[in-house]
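Welcome! Here are some exercises to work through with the model in view, each followed by a solution in steps.

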Amino acid sequence: MTQGSGEIIRTADGMPLGLSLQRTLLRSRLRALMLVIPLLAFLTVTFVLPILDMLYRSVDNRIVASVLPQTTVAIQAWDSKSTELPDEPVFEALVLDIQAAHEQKTLGRVGRRLNYEKPGMSSLFRKTGRHAKRITEAPFKEQLLSVDKRWHDTSVWRLIHRESGALTGSYFLASSDLRLDDQGEIALQPEPRRIYVSLFYRTLWMSLLITVLCLILGYPISYLLASLPARTSNLLMILVLLPFWTSLLVRTTSWIALLQTQGVLNDLLVFIGLIPDDARLQMIYNKIGTIVAMTHILLPFMILPLYSVMKTIPASYMQAARSLGASPFTAFVRVYMPNTVPGIGAGCILVFILAIGYYITPALVGGRTGTFISNFIAVHISETLNWGLAAALGVILLALVLVLYLVYDKIVGVNNMKLG
Amino acid sequence: MLSPDKTAVYNDYPKCRAVITGCQSLQVSASDDKESAKGDIHMKHLIQAAAAAFSMALLAGNGHAIDLTIVSWGGAYTASQQKAYHDPYMAENPGVRIINDDSGAEGLAKVRAQVESGNVTWDIVDMVAADAITACDEGLIEEIDPDIWLAPAPDGTPASEDFFAGTLTPGGTNCFIPQIVYSTTFGYRTDAFQGRQPSTIADVFDPETFPGKRALQKAPINNLEWALIADGVPGDEVYEVLSTPEGVDRAFAKLDTIKDQVIWWSEGAQPPQLLADGEVVIASAYNGRLFSAIAEKNQPIAMLWDWQAFDLDGWVVPKGVKDLEAVKAYMRFATDTQRLADQAKYISYGPARHSSAPLVGKHAELGIDMKPHMPTDAKNNKTVLQFDYVWWADYRAELDERFNAWLAK
């Protein structure tokens, strides 16, 4: 801020002008910051921190070490590669831990946690908890082995050994259809249990398809809205907004009434003789149902940004192109369309990001082939209570969206986007 | 458990709110006084008035001294609880106000969130037994001593013996107070088949004799058991067979035979709707929902009770509720013999006490005898699948994945 040549300009109190300006600017920035501090604090407490806490659960593994503190220490002395069972001190530590945990009612947690990795652990810990209080003196090993034969299985001990750290990668492995096998090597899940990779893939391509469909359907409507005289276009706009304001559940259920095999559309097709009565089309509870219902529900999110951008394109552009000899098609493609790119970008991003996390519509009309990854996140949050796995799936979904956003930025440019 | 002094603090909470409203009106009058510019007198007035308002609040506080937030499933089910438990309890205890919260479907997840964050706003939660086992395992809900918490039967039988055997301790846990026995069973459209009507579980898995779509719950639970029974496994050996990989394969192979014919439901309201719409001809559903479709809405649906899967629904109490004594008092009332029998006037779920069964009477509005519609009725429970919670706790994660992978193929 200083002058290139000559002496430094100073303010009345002798301070260099540049410094003074900087201070003033800083002060006004601070004032601005003060104004948004309540909002920032609110967002941090109610939004950022809970999300970070939830994301941390995808690697959090404190449960084993906190419920079985002595065992997790003692078992470090055991060679997890060996085919021998651990020695007496480890058994003693486990028995004492289980007795304490049974007393404090925390044993169920560790059983459930380990059961995610190995079926049967839940009942093993529950059963051992009931019997462990009878074991009061050495030899702990023999007595514990007699409680349940599964304690003879070294893979159980390897599992405890493996999951005794404070962090775990097993949720992320599970959400990529991988697992750690008994030797601790990363392996594919057995074929009948692989679901998440194909679900992510399905969520992605169906969301993309829904976005494209919204664009194809929304573009002409927006064009119509933007080019018609205000009276007609306002009326049409209401037709766009009415469903937008209608409850999501109502719209989803209406699609069920329309598309089901005994529904309106099938009845109509049978009535006009296009299909026989015994071969009604299955248009809902599958991918078609999800795609149709979600395209309809998300369409306004495409139309509104497109419309607001198209509204700003002066009609004279097209007239100028025509007067310079372009055919209507060329004028549209070379002049009008490039001007709508910011609206296309905004609409596509909006629809795609909403679609990829959509939950209730796929749950209701998706049947067995049209559900999304979000439906499984919901199952793990509210039914199986496996929040670690739900968090890992959520992190992967978030990462996928971010990667796609960056790709989009590279190709189209985010600054090009216009939301209205 | 709350220490007594802590309980006292919490007890005062609703009264404090009354004081706050009192204080607000005081401040208004105080600002009017400002004109007189007598600060100390003004202060004195304020304190006097506050004290007066406080004692007023203490007296008036009896109006709603205690709020109990009770979480249940909404719809007809909550309505039956309102009429059988909440309304009579509030009539007897004018100081208690019961607030219904219909988030039963998220009960487990929200109880965990509340207990982990130390901000428990729910007092009593209605849960199915399997969820109660999970919550109890995780240490999220209070343990219950039935003979202290619950009223004995009218003849003096202690609660621990009056409730059906094992229902107070599902899966070896002791946090659950059962209210009802419900069953997941089948309904079929009476106009769908000529001649013989479906009557056994094997008929459900026989699309040749009984053509048409079926609706099944989108979960491995019950479906795997039924598939095995339909495939000829005796009912009491189902879980033994399912514990082997070959048994699981066999169950899925049986489900394969009708896979193309199945619409999968996830909400309890769906299967009666699918039946009513004619979208499916046979559907698994909760028996109370089927009853309401048949008896209250006169749909052409009939029950198929063969191998109905018994399950329990009941109360749990999150750890760290504000007023455990108030919760206990309500619980003792709402789970006594008469109250459980009363609920059956409004919905066709069986009361979980032996002593309630003879008291089950007629539907409160329709006037029909409820006994033949109960899953526990002798005509209906000839074959019953006793749901094995402990087994499912072990295998749920694995079979859920396998089931969903199977569905997606």
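**Exercise 1. How far apart are the centres of domain 2 of chain B and domain 3 of chain B, and which residues make up each domain?**

Step 1. Taken over C-alpha atoms, the centres of domain 2 of chain B and domain 3 of chain B are separated by 27 Å. Before going on, note that this is a predicted model, in which local features need pLDDT of at least 70, side-chain atom pairs count only at pLDDT 80 or more, and totals for chains, interfaces and linings use all residues. Residues are numbered from 1 along each chain as its sequence is written, while chains are lettered from A and ligands numbered from 1 in the order in which they are written.

Step 2. Chain B has domain 1 at 4–63, domain 2 at 66–179 + 313–373 and domain 3 at 182–312 + 384–408; such bounds come from an automatic or database domain assignment.

Step 3. Now look at the contact of domains 2 and 3 of chain B: domain 2 supplies 19 residues and domain 3 supplies 13. Two residues are in contact if their C-beta atoms, placed from the backbone, lie within 7 Å.

Step 4. On the domain 2 side, helix 5 (129–137) and strand 8 of chain B each give at least two residues. Helix 5 of chain B has the largest share, three residues. Helices (H or I, at least four residues) and strands (E, at least two) are DSSP runs, numbered from the N terminus.

Step 5. Sort that domain 2 side by class, and you get twelve nonpolar residues, six polar and one charged. Here Ala, Val, Leu, Ile, Met, Phe, Trp, Tyr, Cys and Pro count as nonpolar, Asp, Glu, Lys and Arg as charged, and the others, Gly among them, as polar.

**Exercise 2. Find the strands that pair with strand 8 of chain B, and give the sense of each pairing.**

Step 1. Start with strand 8 of chain B itself, residues 301–316, where 13 of the 16 residues are buried. A residue is buried if 20 or more other C-beta atoms lie within 10 Å of its own, exposed if 12 or fewer, and partly exposed in between, with C-beta atoms placed from the backbone.

Step 2. Strand 4 of chain B (residues 177–189) runs antiparallel to strand 8 of chain B, and eleven bridges join them. Two strands pair if DSSP finds at least two bridges between them. To locate this pairing, find R189(B), whose bridge partner is I301(B).

Step 3. Strand 3 of chain B (residues 124–128) is also antiparallel to strand 8 of chain B, over four bridges. Here V125(B) is opposite V316(B).

Step 4. Strand 10 of chain B (residues 384–386) runs parallel to strand 8 of chain B, with three bridges. Look for Q308(B), which has V384(B) as its bridge partner.

**Exercise 3. Which residues of strand 3 of chain B point one way, and which the other way?**

Step 1. In a regular strand the side chains alternate between the two faces of the sheet.

Step 2. I124(B), D126(B) and V128(B) point one way, V125(B) and M127(B) the other. Five of the five residues in strand 3 of chain B are buried.

Step 3. Strand 1 of chain B (residues 66–71) pairs with strand 3 of chain B in the parallel sense, over two bridges, and V71(B) is opposite V125(B).

**Exercise 4. At what angle do the axes of helix 9 and helix 11 of chain B cross?**

Step 1. The axes of helix 9 (residues 223–230) and helix 11 (residues 245–256) of chain B come within 8 Å and cross at roughly 85°.

Step 2. Those two helices of chain B are therefore roughly perpendicular to each other.

Step 3. Helix 9 of chain B makes the contact through N223(B), L224(B), A227(B), L228(B) and A230(B), and helix 11 of chain B through G247(B), R250(B), A251(B), K254(B) and L255(B). By class, this contact has six nonpolar, two polar and two charged residues.

**Exercise 5. Describe where chain A touches chain B.**

Step 1. The contact involves 31 residues of chain A and 31 residues of chain B.

Step 2. On the chain A side, helix 5 (107–115), helix 6 (121–132) and helix 18 (373–382) each supply at least two residues. Helix 5 of chain A gives the most, with five residues.

Step 3. The chain A side divides into eight nonpolar, 15 polar and eight charged residues.

How values were computed:
Axes fitted to C-alpha atoms, helices over the stretch in contact; angles between N-to-C directions. Parallel < 35°, antiparallel > 145°, perpendicular 65-115°, else oblique.
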